[in-house]
Amino acid sequence: MVSADALKKQAQINRRAIVDMIHTANAGHPGGSLSVIDILTAIYATDVDLTAEKRSKVVLSKGHAVPAQYAILHHYGILSDDEMKTLRRMDSRLQGHPCTHRLPQVDATTGLLGQGLSIGIGMAIAKRDTGDPHNVYVICGDGELHEGQIWEAAGQAAHYGLSNLICVVDQNGLSSSGKTSEVMNNRDLQAKFTAFGWQAEAIDGHDMQQVLDALSRARAWKEGPYAIIANTVKGKGVSYMENNVAYHSSGIAGDLYDQAVRYLSKEGC
Amino acid sequence: MAYSTVSLRDYVGKTLNKLYDPRMYVLDGDLSGATRSEHFRKEHPDHFIECGISETSAVSIATGLAMEGMIPFYVNFALFCTGSAWTQVRMACYAQANIKLLSTHPGMDNFPDGASHHVNEHIALLRVVPNMRIFVPQSPEELEQAVAQALAIQGPCYIRVSRDVVPVLEENLSAGQPFGGAKPIREEGGDFAIVYEGTALMAAQEGFDLLRGEGLRGKLIQVQTLKPFPDGALFDLVKDVKKIVTVENHTVLGGLGGAVSEMLAAHPSHPPLSRVGVHDEFTQSGPTAQVKARYGLDGKHVAEAAKA
């Protein structure tokens, strides 16, 4: 059993990898990568065996946060130190958004928001029908939930009763141009998923024990799909990025990179 | 000349049943009766997924199934397989996902429903997406061959079949050659070449017969694969005729006529081309023959174009 403390430390190491990648590329989406990394670290550590032929899958529907996924693939030895320096470079496997035909371990090609939950449904149906007992995790952003296709999929997942499908919403409260609640108010996401027929709960997406406990409950739930609304902080872990919409899409240059490194070092990484 | 006729949609579910593979799934958008995928639903209810009226999500669900090694067929009206879910189809193509789109009601085939449902843009919409393949069969036998090919190909494919009736040609029944590319149906002379896609067979055939009745002798050429486009083979068939006419149940922009224009433009000299189809306008409701005649798709338009 992985301890919350160990995962917390691992998430900090992953944060440093995210910051390094985006610094080297001088482009990327640091805010949403840093908000989702605790959740992703926990999912991979508890239920994704990247060496297995049949395994649980992770659809990063908010594909712009892919540096977080690359950081995890680096941790598990899929990506080398050198390759981590190639984010968004020509001919790199590390495209600006997940691309399975270049890097199959990202599990789904995403980037256009709103499509991942449906992709997860297809995977979950295939697993259910072939007796594959693994799960499918779909990671959405809260801004992404403006997309209508998400709600088509939410209805379908519940209609089919897909208990091997878990949707985690990284609710960091900021989308590209401002507060999600002001751009287009999602209102109560837990209530919305519940109304669509899901089992849903809300947690603190940076409290590793809460994340682990919620994932356990989600996996144990056998009556249909499960939604975890993870309340997070955009840019979490780098003080000047936290809750700062400017770091939705941004490079991390010069002094700001040094500051970020110093801040993450203080936090124990 | 009188022909017996067939609507290929009647063979959609039956063909999928005949070629059933345990990896196959059929996804529907609440139109299984109209597309005839209901025949598949009856035989394989566990591999039939009713997605409701949610075209975008249906295509992405198909992508997810494909990522797990399944072979999903999304069967719907041509508009709902293409324009309604274009960005989802595009992402599936980018992912090189092994999804199959099988559409009925192309072009003006959904005649009484009017311009909202006449999808005269769908070939153009999918021709421009990398990795996509587009097949247009014109007979039940060709439909079976096209589905078999789609099953054998690892990657996205689009098969479009008529909802309106098309003539049953003797050539169809005795074809005995692999489906694909450009196929000469008749080769009687060099006065003209009518180049058509399968759902426009009725107009192409009628045009050919009218011209023949006037003493002209030409070629009737079916393009079975709209993508990849059979540039070389088609050019060899048409390069020496006096006039080329493309015939399509589609706008003349960006579809078959567009593809033939692009092909011809690569050559220093070639016969003149006229494109028969819808000329950049929205259509209206009406009886099939009247709608198609009004918007340019009948034998008379084809014959006039060949002589122009």
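Let's start with a single pair of residues: B:Ala182 sits opposite B:Val223, which belongs to strand 11 of chain B. Keep in mind that everything here comes from a predicted model. That pair is part of a longer match-up, in which strand 9 of chain B and strand 11 (residues 219–223) of chain B run antiparallel and are joined by five bridges. Strands in a sheet pair through backbone hydrogen bonds, and they can do so either parallel or antiparallel.

Now zoom out to the whole sheet. In chain B, five strands make an open sheet in the order 9-11-10-13-14, and the pairing is mixed. Which strands stand at the edges? They are strand 9 (182–187) and strand 14 (273–278) of chain B, and each has a single partner strand, so one side of each is left without a neighbour in the sheet. Going from one strand to the next, the twist averages 20°. There's a helix lying against this sheet too: helix 10 (residues 201–213) of chain B packs on it and touches strand 9, strand 10 (193–196), strand 11 and strand 13 (244–251) of chain B. The direction of helix 10 makes about 170° with that of strand 10 of chain B.

Over in chain A, you'll find another open sheet of five strands, ordered 1-2-3-5-4, with parallel pairing. Strand 1 (57–60) and strand 4 (199–204) of chain A are the edge strands, each pairing on one side only. Ignoring direction, neighbouring strands here are turned by 20° against each other on average. Look at the strand 4 edge: strand 4 of chain A pairs with strand 5 (residues 226–231) of chain A in the parallel sense, over six bridges. Within that pairing, A:Ala202 has A:Ile229 in strand 5 of chain A as its bridge partner. Helix 8 (residues 208–220) of chain A packs on this sheet, touching strand 3 (165–171), strand 4 and strand 5 of chain A. Its direction makes about 170° with that of strand 4 of chain A.

So how do the two chains meet? Contacts link 22 residues of chain B with 19 residues of chain A. On the chain B side, helix 4 (55–67) and helix 6 (86–94) each supply at least two of the residues that touch chain A. Helix 4 of chain B gives the largest share of that side, nine residues. And what classes of residue make up the side of chain B that touches chain A? Ten are nonpolar, eleven are polar and one is charged.

Key: Residues are numbered from 1 along each chain as its sequence is written. Chains are lettered from A and ligands numbered from 1 in the order in which they are written. This is a predicted model: local features need pLDDT of at least 70, side-chain atom pairs count only at pLDDT 80 or more; totals for chains, interfaces and linings use all residues. Two strands pair if DSSP finds at least two bridges between them. Helices (H or I, at least four residues) and strands (E, at least two) are DSSP runs, numbered from the N terminus. Axes are lines fitted to C-alpha atoms, for helices over the stretch in contact, and angles run from 0 to 180 degrees between N-to-C directions. Two residues are in contact if their C-beta atoms, placed from the backbone, lie within 7 Å. Ala, Val, Leu, Ile, Met, Phe, Trp, Tyr, Cys and Pro count as nonpolar, Asp, Glu, Lys and Arg as charged, and the others, Gly among them, as polar.
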